[in-house]
Every structure is written in C-alpha cells, then in structure tokens.
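Subject: Structure handover, pockets and cavities

Hello,

Here is the structure for your files. My notes on its pockets and cavities follow.

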Amino acid sequence: MNNIKVVHVVTVSKSVKLMEGQLEYLQQQGFNVTVISSPGPELEEVSKKKINVKPIKIEREIKLISDIFSLINLIVYFRKNKPHLTNVSTPKAGLLGGLAAFISGVPCRIYTMRGLRFETTSGIKRIILKLMEKISCFLAHQVICISPSLKEKALELGIVSERKVIVLGHGSSNGLDINKFPTRASIENQEEILKFRKQLGIPLDSPVMGFVGRLTRDKGIEELIKAFKIVKKDIKDLRLLIVGDFEEGDPVSDATKKEINHNKHIYKLGFLKNPIPYYYIMDVFVFPTHREGFGNVSIEAAAAELPVVTTDATGAIDTVMDNVTGFVVPVGDYNKMADKISFILKQPSIGRKMGKEGRKRVIEKFRSEIIWGELYNLYSKIIKENLKLK
C-alpha cells in the first residue's frame, strides 16, 4: 500500500482524538496519511507524530457562507493532492468532505457514521440533519457504522443501503488501548488514587457513582441527577463524581445546573485530558445517554472493571451486556436507573463480578488492534476494487 494517499476529514480538531493511534497504525502499514480538521491543538499534536495535517476551518453548525468556503477549500486540496481514499466523518465534515471528494473524483470514498444527531431533534432541524446523513451515505462507496445498533437504526430509517454499510468488528470507531487500564488488583498507583479521593474530599468509605462526558440533555444529565437524588435517600453517604462540563448547545435546565454546582456531594471536575484515574474512584458508572454512535466511556469504565448502568439508546446498548457487565434501562427511566444503581451498590460482590466480566469483554471485542486491523482490511479491499477501474 505504499504511496497510497489516505485523507481523514473531521469537523473540529477535538474529533482527531477519536483516531488516536489509528493514524499512526495506518502510516506504519504503508499508507500516506493526512488528517484535515478545523485548526486546533489536537491537530498540532498529530503533526508532531509525523502525520500530515491540513487545517481547514469547518463550522459545526449550518452557516451557509462559511460552509461554501469550506467546501471550496476542500475541493482545492483534493484536486491538488489527488488522494486515493478519503474517510470523512462527523456530520458537517461528512457532508462537505463527501461532496468535495465526489466532485474531485476521489476513487475510494468512505463515510464513517459516528451517530445520528437528528434522533433527538424535531421539526426542520431534524429534516435537515437527516438529509445531510442521506447525502453523506449516497456519496460514499462504503459507510462504516461504529456500532451494530447504529447500523440497524440507519437501515431502519432508510439512511443507507444494506450493500454499502459495514461495522468494524463488534463496534467502536477506534477501539481501546487496554494497556492504559490496569486491573483494580494490580493498580500500581493506589496511593495516587487515594490522594485524588482525599483531594476531592470524598470519604474513603463513601460509595461513588460516576459519569464522564458532556453535560447536556442528550447525555441524560437530567436523569443522572434525578437518579442520584433517589439513590441518596437510601444510601446517605453516596457521592456523585462528574468528569465533564456544561455546553451551550443542548443545555441542561437551570435547576439541574444549580444542583450540580451547589450540591456538596456532587463533584464536578470539568474536562480532563486524562480521566482514566478517576474511573478507579468510582463504584458504579452511569451513562444515561439518549443517543450515541457508540458509548466509548462505557467501554472505558468496563476496562477499569466498573459495572455500568446505561440506556437502550442507539450506540449505548452495544456497550453493556444486561445482567452480565451491568444493566440496560429504558432511555429516560431514571427510577429504573436508580434501582439498578442501588442494587449494585448494595451488592458489591455482584458489582465486582460485573466489572471483571466487562473488562474481559473489552479485551475480547474492543481492543484498538481489532478495529485498526479491520479498517486496514477494508481500505485494502476498497482500494483494490476501485483502483482497478482507473
């Protein structure tokens, strides 16, 4: 695959983190890899790893004039550099990058569907977002859905045809580096974990439920707080640890924001570059999301041997084996969520067993090497098929 030019396109530089290690792997396999996104520190970090980068400003929201300039810049880049394969993802880059690749005659075009934003929208916004997804899929030779349930939903809604859609392995866009997640029994930095707990002011004997992610309605933060308050009535010394911060898009209610900011038993740490140590402070991980492409944080929690309570939302349901690695509850059902959290906290031996089963499942199905190998095989196949036509 030497001299085969592969270009990955995402909207914002933060999304480059979704390909951590993957770009280097593809480069090692002989591909000439470039990543395009809006300017940002994550793009600069990738360039330090000898991966080609091209900053092109792409707005997340619909801004017609700006979007036209982004499309033109992408077309100019593709026509000048003539990539053999493009892999575009995230809604706006998926559409603009897919259009630019199609117009420029890129011979191998892939769209990675990382979720369906329109699932939790309505009205004209839903219509526009759904149309964007349909166009992105139409323009691609192959569509990668990052979870089985996402593939099922996309087919059900008529977004993509069966013949061109695929899931890599058992799901996930990048897999997980299991080496970053030691077993609880072998943690070498136990003292560091205790230090974090002490710094936060969490008593050593207090059970902790945790969450990692953006604090928005779509992530189920309203239900998270309601479930916490219900369980706390029964388990008085319960604490809630939140790694993440509020966002202006899809904001939580003022009452929920106030509760998070002022409840002395809720610890909000904001976004952290490395949240991994904080999983080891938790006793149960709660992921009450309304929609996902694939629930990466659920898999991270499982890798840290945590039992996980999540919802039956698209993309989240693939991350937990109900009654084996945790529990799956209906979207929005905070009462059932509270029941399952309470059950785990009151039955710590069952929680530990679920955590061990969760880690075992991650190792068997969701390691990065599995996903990267599947992606390499897909690239090799589509390149051999399509470049024959040239």
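For the linings, Ala, Val, Leu, Ile, Met, Phe, Trp, Tyr, Cys and Pro count as nonpolar, Asp, Glu, Lys and Arg as charged, and the others, Gly among them, as polar. The model is predicted: local features need pLDDT of at least 70, side-chain atom pairs count only at pLDDT 80 or more, and totals for chains, interfaces and linings use all residues. Residues are numbered from 1 along each chain as its sequence is written, and side-chain values use heavy atoms, without hydrogens and water.

Second largest pocket (on a 1 Å grid over the protein atoms alone, an open set of points with protein on both sides within 12 Å along at least five of seven lines; lining residues have an atom within 4 Å of a point):
- Its lining divides into 12 nonpolar, three polar and seven charged residues.
- The volume is about 500 Å³, meaning the space filled by probe spheres set on the points, which are joined across faces, edges and corners.
- Of its 22 lining residues, Arg184, Met282, Asp283, Leu306 and Arg352 lie nearest the centre.
- Helices H7 (190–200), H12 (334–346) and H13 (348–365) each supply at least two lining residues; helices are DSSP runs of H or I, at least four residues, and strands of E, at least two, numbered from the N terminus.

Cavities (sets of points where a 1.4 Å probe fits but cannot get out):
- There are three of 30 Å³ or more.
- The largest cavity holds about 90 Å³. Gln22, Asn87, Thr112, Arg114 and Ser173 are the closest to its centre among 13 lining residues. Strands S1 (5–9) and S4 (85–89) each give two or more.
- The second largest cavity has about 60 Å³. Helix H5 (123–139) gives the largest share of its lining, four residues.

Regards
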